[in-house]
Amino acid sequence: MPRAKFQTLTEQMFYILLCLKEECYGMDILDKVPAMTGNRVNVGSGTLYNLLEQFLEAEMIRETKVEGRRRSYILTPKGKEMLDKEYARIRAQAQDYRAAFGGEDSQ
């Protein structure tokens, strides 16, 4: 059975939405994601623009400006709710890890 769309977010999805806490252009996101993750997460331009379209359709973001081919976006309340839900899921996973291995950073 296929996974419901946006039931959980990939790292790339999560960080794209996180960037859109503040209004920014797609090109800005391509720079911000690696900067905020210490280059651990990168987003290709094809992936970015595909996801932006999907987020627009799902009303998780909205377009704020169109200047020729440049478009800027911002997170909607629905997108913030999805980010909050994903953050809670990630925290629950970290708690499960700590319960299994003990301590904060056991390896």
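This chat covers helix α1 of a predicted model, its packing on α3 and the core around it.

Student: What should I know about the model before I start?
Tutor: Local features need pLDDT of at least 70, side-chain atom pairs count only at pLDDT 80 or more, and totals for chains, interfaces and linings use all residues. Residues are numbered from 1 along each chain as its sequence is written, and side-chain values use heavy atoms, with hydrogens and water left out.

Student: How do α1 and α3 cross?
Tutor: The axes of α1 (residues 11-19) and α3 (residues 45-57) come within 11 Å and cross at roughly 70°. Axes are lines fitted to C-alpha atoms, for helices over the stretch in contact, and angles run from 0 to 180 degrees between N-to-C directions. Helices are DSSP runs (H or I, at least four residues).

Student: Parallel or perpendicular?
Tutor: Roughly perpendicular, a label for angles of 65 to 115 degrees.

Student: Which residues meet there?
Tutor: Gln12, Met13, Ile16 and Leu17 in α1 meet Thr47, Leu48, Leu51, Leu52 and Phe55 in α3. Contact means heavy atoms within 4.5 Å. By class, that contact has seven nonpolar, two polar and no charged residues.

Student: Switching topic. Which residues of α1 are buried?
Tutor: Met13, Phe14, Tyr15, Ile16, Leu17 and Cys19. Buried means under 20% relative accessible area, with a 1.4 Å probe and protein chains only.

Student: What covers them?
Tutor: The cover includes β1 (24-25), α2, α3, β2 (61-67), β3 and α4. Strands are DSSP runs too (E, at least two residues).

Student: And Leu20, what does Leu20 touch?
Tutor: Ile29, Leu52, Ile61, Tyr73, Ile74 and Leu75, not counting residues up to four places away in sequence.

Technical notes: Angles under 35 degrees count as roughly parallel, over 145 as roughly antiparallel, 65 to 115 as roughly perpendicular and the rest as oblique. Ala, Val, Leu, Ile, Met, Phe, Trp, Tyr, Cys and Pro count as nonpolar, Asp, Glu, Lys and Arg as charged, and the others, Gly among them, as polar. Buried means under 20% relative accessible area, exposed over 50%, partly exposed in between (1.4 Å probe, protein chains only).
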